Structures are given as C-alpha cells and as structure tokens.
Amino acid sequence: MSKLEIKDLHIAIGEKKIVRGFSLTLNSGEIHAVMGPNGTGKSTLAKAIAGHPDYSITDGDVLLDGQSILAMEPDERARAGIFLAFQYPSEIPGVSIANFLRAAVQARMGEGEELDATGYYKRLYSKMDSLKIDRKFTSRSVNEGFSGGEKKRCEILQMAMLEPKFALMDETDSGLDIDALRIVSEGVNAMRGENFGALMITHYQRLLDYIVPDYVHVMYDGRIVKSGDKSLALELEAKGYDWVKNELASA
Amino acid sequence: MPEISETLETPDFIENPVAGIDQSRGDFTYDVDYEFDAGTGLTEQTVRYISSVKKEADWLLEFRLNALKKFQSMPLPTHWATKDLENINFDKIRYYLAQGQKPKRTWDEVPDDIKETFERLGIPEQERKFLAGVEAQFDSEAAYSNIKDIVSKQGVIFANSTEALREHPEIFRKFFGKVIPTGDNKFAALNSAVFSGGSFIYVPPGVKVAQPLQAYFRINAENFGQFERTLIICDEGSEVTYMEGCTAPKFSTSTLHSAVVELVALKGAKIQYITVQNWANNVFNLVTKRGVAHEEAEIKWIDCNIGSRLTMKYPGVVLKGRKARGEVISIALANDGQHQDTGAKMIHAADETTSNVISKSISVGQGRSTYRGLVHIPKHLKGCKNNTECDALLINTNSRTDTYPAITVRGDKNATQHEASVSKVSEDLIFYMQQRGLTEAQAMSLSVNGFINDLASQFPMEYSVELKRLIDLEMEGSVG
C-alpha cells in the first residue's frame, strides 16, 4: 500500500500563478478523476508533480509514502514510482521503443544487476499484444510518425512495462477514436489493483464510462471545488462547467 | 583540469574548459624508454635523422627534404580555417620517437606495459580476441602485428610504412604521394617530411580480404606529434576493409596529429576505411584523407570524430573511372572547447560516377562543429549523381554549428541533391525521457545515439559499441 499526498499545492510558471491550493490524497487501489474547464491548471498539476523544470512549486508539498518528493530530480521521482502519461508525448528520433523501454527498465535495477533480455522481450510482446500494438513497433523510433492514438497507446505500454505506484494521466483520452479509447481503457483497467493508483485528468465523461473512477473531483481556478463519486461526472456532463462556476459565485 | 586552461592561448574561446568530462580512461601515460628520439623542433637535420634511423633509400630522403621545403614555404590556411592553427608551436613538437623495436609477431611477445595500455584503453573483451588481427601502433612504430601472416597467404602485403617502402618499393612507390601530392596542403607537406608508422596495404587482383584489417593509434609522449602514413592499394576486383581507432592520453601541452591516408581502388575494387577516434582535448588533429576510384571501383569512408581541440579532416574521393562510386559517412561530436571542422570532397572526373555524402554533427556546450563539403562535377560529364545530406544537432543554446557546402555541377546531364537540417535537443524531450527514469545524462546520451543511429548501424558491431561508449563518456560531463 502506497500513498501520494498532494498538500495545499501552489504552482507558478514564471510570475503567473496557475495552481492555488490543490489538495488530494491518493491511495493505492484508487482511481481519481480530475475534471475541469481548459486553463484551470490540470496539466500544470501533473507536470509539476512529475518535476518539469518550467513549473515552480511556490507553496505546499507532495509526499510519496510520507516523504517529500519536491527536492528530487524528475528521474528520481519516476524511479520512486510516479508515472506521467503525457498529453503530448515527445518523439525520440532514432531510439526504438524496445531500446528506450529497456533503458528505462534497466534504470530501475540495482548496480550490477543485469536485465534478462529474453524475459524482457516476452513481457514487452505480451503487453503489446494486449494493447493491440503491432510487434513491429518495437523497432520503430519512440512516437516518431505515430498517429495520436498510437502515441497514447505507446504511453500506456510504457506504463504497463514500468509498473508505477501512481500514474498521472494527462488527457489520455484526447485524440482517441472509440476503438482506441476502449483498448487504452482496457490497458489501464488491467493495471488496477492494490499496487496501483491513478489520477486521471480529462475533459469528458466519456473516458469514465470505460475506466470507472472511485472519486471525481472538479478543478476550477487552480484548486478542487467539488468532489464526489462517479455520479458527479454525469451531473457535470449534463449541466456543464457553468453550473460549478455559478455555484461557486453564489457561495 | 586547470593545467589545460593554462595552455590554451585563446581563453575567450572557452570559459569553462571541458568541465567534468570524464576521459579518465585515456588519462594515463607510462614511462617508456625511447631508444630513438629526434628531439624537439623541425629542421633539415631532423628529417635526415628520421630517414637515417629508418635506413631509407635516397629517393625517400629526397622526397622528405622536398616536402620539408614545401612545408616551410606554405602559409597556414587561416584565410579560410580557424586562427586557432596559429597556436601550434612547431618548435616544441617532437617529430620522431620510437622504441627501436621490431613489430611483434605474437601476443605473448608484446611487452606487458603495452598490454596494460590496451587493457586500460578499455578495448572490449570480444575485441581482444581479435587482437591477433590488430596492427597496433605504439607511438611511432607498430608494436604488435601478426595478421600479416594470415593475409599474406592470400598474397596481401600488410606492413608498416617503413618496411613497405624498403621492401616493396616496386609496388608502393608508384602510388605513394600521388593521391595526395606533397604540396596539397601545409599539413600534408609536414607529414610527407616526417612521417613514420602507419599501414601500407596491397591487395592482389580478385582477392577479397574476409576480416577487416585493424590498427589502433594513440599518442603516448608529451609534446609528441604523430605523423602516420597510410597507403592502401586494391588491385582489380579486390576488396578490403580497414579500421582504425584512436584513444590518447591527456597531456598538459598541445599535441599535433597529422596523418596522410591515400587509397587507390583499381578497376572494380572496393575499399572501406573506417575511423573511430577519441583524441584528448588538447590535440590538433589535422588529417588529409583521399582516395582514387577507378572504373567501377568503390571507396567508402566512414569517419567518426570525437574529442581533440581542433579536427580538420575532409575525406575525399576522386572518381576517376566510369561508374566509380564514392561515399563519405561522417559523425562528429564537438564538446566544450572543441572544434570539429570536417566534411567531404567528391571530385567527379568520369561519366556515370556517383557520390554520396552523409554528415551528422553534434555540438555540446560551447562545442563547435563545422561542415565543409566540396562536390565538383564538370560540364563535359554526363550521368553523374551526387547526394549530400548534413544534419546538425545542438545540445545547448550556446553550441554552434556552421555549414559551408560548395557544390559545383556544370552541364545538364548530371543530378545533385542537397539536404541540410539543424535540430536541438529540447528541454521537453529530456524531461520526457527523465520521466521514464533515465538520468539527464542518460537521456542526453540516448538522444545523441538516436540522432546518429542510422549511421552508427553501418559500423561493424564492435565499433558501434565503442562509439556508443565514447558518446556516453562525452555526455556524462555535459549536463548540470
């Protein structure tokens, strides 16, 4: 059992304050959905927790199993068990998926430990098969020339291979057609269990039909303004974000 | 490494000289009892001394003396090349050193300290297995060699320059100094005056040498310039691959390496010449490499330049016979305080000749890479083709790259195409890779290796492994 605690987090890009007092606790086994209109700080939150250098955390803390991760480099946070599924994954020319993931898996092993190549490929192929990714993709450069849906599936493949404690999924559903959405969702659902927790950022209720969250939070103006169970997402879909804004204004 | 900054006379060029670069694998030197030493500085006496130690024929002494005159009369090419050349102090360089020992035949006969040198250079285990096939130059003379025995059964002559010119002048004299004339440039003239070491190879008609011939060159004595001379002649229909790798200990004063490599591919012959080098970052590496390809012959240069303070090298092919093919594939990595000034020359001199140039350069920190290309197709030829691609990768915002392509294609029966690109390793890409658990340095290394991947895959396996290791070493110190 692990715990990711986000405590009163304030995040700025340069002078501009984006996230203002975001608090949330994720336990292993839980899936939390964070919804909210554009520009409310959802992606900023995910990137800042992962340690992107452009985002400065001006107040608050993020604890993984009781330890603050804010002084850690992005790669240290990753190895500690935090995975960010990118909204716009980078292309890595000339570096094949197989080699990239191999380096990433190797990076999690101890000094002097050797990767078992046969076992690695076996695992890689089985994950690819379940995500319906052609095995030929192992030799293709990471994300280079991939369609939007292929990139997102590649993110889920990496997540499945690296087995993080917590995943931050930044609009994983954007750019996916219905078939791809189903495949990606199955991939995430396959990881659900007592050793995995996720924070899913999305605009649309649609994704939550496939990956049913334990909790739904509405984010507005840099913080959570409303929390509930999955029915909140349906209510939001029906009433729109203006409902939340109006509720806030009248409060 | 404070001693390096003291010796650089252009401190404005580097504020942070080679900070943190781990070249420790090359950072050692051994006490070697040099039996023959020509002292420092270059005069007619030096040249006569070298020639007499090598017991050379009169024509060769004349050749050297003539070259010395050319060297002394030619100016440095600073009207187009970097003024850093002016910092070479020719009076402080040792032009000849040798241990006075004959090349060894078997591994057991190689002195232990030399074996230890190879060991510390980190030559991979599987490559040590091939050491029986290595012509390894320890300082001026070949210290070890027995592949000759293997290839001599096929009639191949594989010897060092001194031995070849002394024992087989009838074969080598005809082409020696013909592909690259003495006065081609100031440094070719210098090499012609003081050369020692290097490999001379003759492959008889129709013989295809199965295993690549190899050589390791390194510099071992402070202030000691190395001037090896290589000449490879492939007779009609024959094939050979030659590989050279360089690692050098680090010195506190500048060192000059100035080699001349001449290739001759007669009708239908194929020569592939592969270089992976990693000079210490105080070395001036000024090398002239050129080949002549006769009818339907093929010459391919694969050239990888890492390290050195300044490298100037433009491998060329003169396409002399109909349907001859020339190719230059080059990778250059310039780190802080380093300038890689490299490129290619393709001289089309017959119909239906084709040439291909693919160059990739990487500039790290304040490193600078320059591409200079020359493609010449005169008006009277027809059916000639050239393809040139040069891609530059910048790692940091203060890295620098320049491209000077000179393509002269006359007449309307020839085709050429040229592509160039400059890209940068973005912060987002590094973050993406770090997010998967790779350190910043590992992420840099991987993206640089990815950039050159399509070229590196053309190297023989053990060389591409070594190349990757060299890039990892270079990138280790480039972040933070």
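Which residues of α1(A) are buried? Keep that one in mind while you load things up; this is a predicted model, and the tour starts in chain A.

**Stop 1: a helix in chain A.** Select residues 42-50 of chain A, which make up helix α1. This helix is mostly covered, with nine of its nine residues counted as buried. Colour them as you go along: Lys42(A), Ser43(A), Thr44(A), Leu45(A), Ala46(A), Lys47(A), Ala48(A), Ile49(A) and Ala50(A). Now step to what follows the helix: Gly51(A), with a positive phi near 100°.

**Stop 2: chain B as a whole.** Switch to chain B and turn on the cartoon. You should be looking at 13 helices and 23 strands. Of the 480 residues in chain B, 55% are buried. Try drawing contacts too: among those in chain B with a separation of 6 or more, 83% join residues 24 or more positions apart.

**Stop 3: where the chains touch.** Show both chains and pick out the contact between them, made by 18 residues from chain B and 23 residues from chain A. On the chain B side, select α10 (427-435), α11 (440-451) and α12 (453-456), each of which supplies at least two residues to the side touching chain A. Linger on α10(B), as this helix gives the most, with seven residues. Finally, colour the chain B side by residue class: you'll get six nonpolar, eight polar and four charged residues.

Key
Residues are numbered from 1 along each chain as its sequence is written. Chains are lettered from A and ligands numbered from 1 in the order in which they are written. This is a predicted model: local features need pLDDT of at least 70, side-chain atom pairs count only at pLDDT 80 or more; totals for chains, interfaces and linings use all residues. Helices (H or I, at least four residues) and strands (E, at least two) are DSSP runs, numbered from the N terminus. A residue is buried if 20 or more other C-beta atoms lie within 10 Å of its own, exposed if 12 or fewer, and partly exposed in between; C-beta atoms are placed from the backbone. Two residues are in contact if their C-beta atoms, placed from the backbone, lie within 7 Å. Ala, Val, Leu, Ile, Met, Phe, Trp, Tyr, Cys and Pro count as nonpolar, Asp, Glu, Lys and Arg as charged, and the others, Gly among them, as polar.
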